[in-house]
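Me: Please take a close look at the salt bridges in this model. Then place them in the rest of the chain.

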Amino acid sequence: MANPFDNSQLAQPSASSNGTLYKEPGAIDGSGNFLPRIVKVDGSTGCTLTNASIKGMTPAEFEGLGNKEIDLARVIASAAEAKILGVQEKGLPTLLRSSITNIKPLLNQQKVETQSLILPYIQRRQRSYINSNYFAGSGGQASSSAGQNGAHPGLWECIVDVGDSPWSTDIKLINRYFLPGSTVLVSSWDVSTKKAKDLVYKVVSAVDATDGSGTKATLTLEPNITAGGYNGLDASEKEAYQFLVGVVQTGANSVNDYEEWCYNQPSDLSNQLIVNWLQTTRESRIVDDQYKATLESIMSGKVNPFLQNFVYQPIAEQNKRASQLSDEAWMRSVWYGQRINENQTPETYMNLPAVTDPEGGRVGSASHGSDCVLEYKSNALGLHTQLADSNRIVDRQGQALDLDYLFSQLYFLKRNREADGDSISVIDVMTDRITANNIFTVMNAYYKSKYGWEVTRNVAINEKITHDGIMLFNYNKYDIPEVGVQLAVFHDQYFDDLISATPSGDGTNTDFKSRSRALWLLDWSDIRVGVAGTNSVTRRNPSPEVMDAYRCRMSAVIKEYSLRSTTWTTMLDRPQRHLVIQNFSDANPTVTV
C-alpha cells in the first residue's frame, strides 16, 4: 500500500538496486542470516541513506573476501560472530563497518638509528571545494595608463577577490585566472539609479594586489568599444563602460589561429595534506572445543546460527555481552576519539608512549637493559573531533534549535556536496526521537502558515529502511522548497540512550540534558574507517604436558583464549560536506514564517 503522506513536490533521488543475497534464518539452502550487512552510500545514491544500497554477505562472499584481504575479513568475521551470538545489529555500527577500507599501502616507515619504525600516522590528501569562476570586484576606477603610449583611453581597473561565498576556498595568486586576451563579464549597476548593467571587458593585465596575501588581484580591463568611439562620448555616456563594484565572472577568450597566444590556464587541485592517526584496539574471547566446533559449522553454512545448543552455552552468553560492549565502545571512539596527549603531532610523535621489547627488561636475557622501541602509541581522532577542528560544529549553548539557520545550512551543504558532480536531492540528519518529534510538530504548523499547505502534501512520515525484515533506520522526510532539497530526519536509539543517561543538572547547571542533544548532518559517502592491519593469536590453558597436576590424568578441560587486535583510523575527505548542531534545549525549534 502506498504511503499516503509520500506526496513530495520535489524530485526524488535516482533509484539504486538493493542486494538480494541475504537469506532468512533456517533457509532451505542453509546459508543462514548471520553474515553482516553492507550499507553503501555514495554519489550514485545521492549521498543519502534514504536511497542506500543494502546487501547481505553469503558464506561464499565471505570466503572470497578472506582470499583478497585477510585484515578486512577478520573485521567482518568479528561482526559475523557477534550476530551468531545474538547481538542485535544496529544502524550506526553497521554504517561504520560498511565504510571500512584497506589503508595498509599508506603506512610509512621512519629510520631511527638502526631501527625502522612504522609511523603512528598516515598522510593523505584531503579534497576541498574551489570556486574559481565568480569573483567580487570593487574599487573600480580609470587606469593610470589609460590613453598613454597608445593604450585604450577607456582602460579601467578594479580589485577582485573570492568574496564572501561560504562554499568557496581561498585561492592564492588569483591573478592567474585572468589571462591577457581573455574576457570577463561584470554585473554591476548605475550608482545613482541602481539600474542594472552588464559589461564585458578584455583583460589587458592582472597582477597580484599590493597587500601581499595573494588572495586579491588588480585587473586592467579594456571596454568593448574602440578608442575612437570612446573618445567621442561625453562623460555621462562613458559611465556606461565603467563600474565601482560588481560581480566578475571569467569568460572565454577570442583568439584567431593566426594570432599569438600561448598562456597556460591554471588547474588548481583542491587538495591539502592531512594526517590521520592510527589506534590499535584489542579484544579477547574465551572459547572451548564445543564453541569452536559449532562456530566453524555455522560459518561454513552447515548449521542454523540460532541452534539451541550453541545459544545457551555459558561461554556463548559471555561472549555475546562482550561483543556488544566492544562494538558500542568502538563506535563511540570512532565518533569522539581524541589524541593520546599533546605530543601527538608529526613533529613530536617520538615523545608519545613507547612500546618496547618485552624481553628487554628480563633478567638473564641477552637484551637485559635494552631500550628497544618497537613503535609509538597514538589514538585515532574521532569524526566529531575532526569536524570540530574544521569548524563544522555549531554550539547552541542550551538555546532552542533554530530551523531558519538549519535551512540556510542545507543550501551550503547541497552546494558543497554537488561540487564533485553528485546530484543532491535529499540531506540526512540523525537525532533523538524527541527532537525528531519536535521538528515534525513545528514543520506541520510551518507548512500551513507559510504556504497554506497541509502536511500530507510535502511530508513523508514514518519511513523505514529495512532489509530482509530487519529495520535498520526509520525517518520522516520534509520538502524544503526554499532550498530545493528534502530533509530526512532519522532518529536512532544511540541518541535516546545518550540523553537518558545524561543528568538533568543541579542548582547551577539547569537543563544539562541539552548537552547531549545533537543533529548529525553527515555525508556518509565521505566517511571511511581505515584498517591498517589486524592480528590474532590463540592461547591454550591449561597445558597438561608440562603441569604436575595433570601428570597422572588423561583428560583435561582445555579453554582457548582468542586475542584479536585491529589497527584503525577515521577519515573525512571533505569536512565542508558535514555539519553538527549540538547542545540545544528540548523546546520546539524556532522558525520564521
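Reply: Lys-40 and Asp-42 join their side chains in a salt bridge, with 3.4 Å from N to O. A salt bridge here is a side-chain nitrogen of Lys or Arg within 4 Å of a carboxyl oxygen of Asp or Glu. Lys-40 counts as partly exposed, because its relative accessibility is 49%. The cut-offs are these: buried is under 20% relative accessible area, exposed is over 50%, and partly exposed is in between (1.4 Å probe, protein chains only).

Two notes on the basis. This is a predicted model with residues numbered from 1 along each chain as its sequence is written, where local features need pLDDT of at least 70, side-chain atom pairs count only at pLDDT 80 or more, and totals for chains, interfaces and linings use all residues. Side-chain values rest on heavy atoms, with hydrogens and water left out.

The structure holds eight salt bridges. One of them pairs Asp-422 with Arg-577, whose closest N and O atoms are 3.0 Å apart. Asp-422 sits in the loop between α10 (403–417) and β18 (426–431), and Arg-577 in the loop between β24 (559–572) and β25 (579–582), so this pair ties together parts that are 155 residues apart in sequence. Helices (H or I, at least four residues) and strands (E, at least two) are DSSP runs, numbered from the N terminus. Both Asp-422 and Arg-577 are buried.

Another bridge joins Asp-526 to Arg-574, with 3.1 Å between the closest N and O atoms. Asp-526 lies in the loop between β22 (518–521) and β23 (527–541), and Arg-574 in the loop between β24 and β25, so the pair ties together parts that are 48 residues apart in sequence. Asp-526 is buried, at a relative accessible area of 1%. Arg-574 is buried too, at 9%. There is also a network of salt bridges, which links Asp-422, Asp-523 and Arg-577.

Now the aromatic side chains. The whole structure contains 19 aromatic pairs. One is Tyr-494 with Phe-495, edge-to-face, at 5.4 Å centre to centre and 80 degrees between the planes. Rings of Phe, Tyr and Trp (its six-membered ring) pair if their centres lie within 6.5 Å; planes under 30 degrees apart are stacked, over 60 edge-to-face, and the rest tilted. Tyr-494 and Phe-495 are both buried. They belong to one aromatic cluster with Trp-335, Tyr-336 and Trp-520.

Next, Gly-140 and its surroundings. Gly-140 lies in strand β7 (residues 134–142). It counts as buried because its relative accessibility is 11%. Leaving out residues up to four places away in sequence, Gly-140 touches Trp-156, Glu-157, Cys-158, Phe-243 and Leu-244. A contact means heavy atoms within 4.5 Å. Of these partners, Cys-158 is buried, with a relative accessible area of 1%. Leu-244 is partly exposed, at 46%, and sits in the loop between α5 (235–238) and β12 (246–250). The C-alpha atoms of Gly-140 and Leu-219 are separated by 9.6 Å, with their positions 79 residues apart along the chain.

Leu-244 also helps make a nonpolar surface patch of about 380 Å², with Trp-189, Val-191 and Val-245. Patches take residues with over 30% relative accessible area and no salt bridge; like charges are joined within 9 Å, nonpolar side chains (Val, Leu, Ile, Met, Phe, Trp, Tyr) within 5 Å. Accessible areas come from the Shrake-Rupley method with a 1.4 Å probe, and for residues only the protein chains shown count as cover.

Cysteines: Cys-262 is exposed, with a relative accessible area of 76%. The structure holds zero disulfides, a disulfide being a pair of cysteine sulfur atoms within 2.5 Å.

Two loop residues have unusual backbone entries. Lys-194 is not a glycine, yet its phi is positive, about 60 degrees. Lys-194 lies in the loop between β9 (183–189) and β10 (196–208) and counts as exposed at 53% relative accessibility. Asn-391 is not a glycine either, and also has a positive phi of about 60 degrees. Asn-391 is in the loop between α9 (383–389) and β17 (393–395), and is exposed at 66%.

Last, the chain as a whole. It has 13 helices and 25 strands. Helix α3 (residues 91–98) is mostly covered, with eight of its eight residues buried. Of the chain's 593 residues, 44% count as buried. Among contacts between residues at least 6 apart in sequence, 72% join residues at least 24 apart. The chain exposes about 30,400 Å², and carbon and sulfur atoms supply 49% of it.
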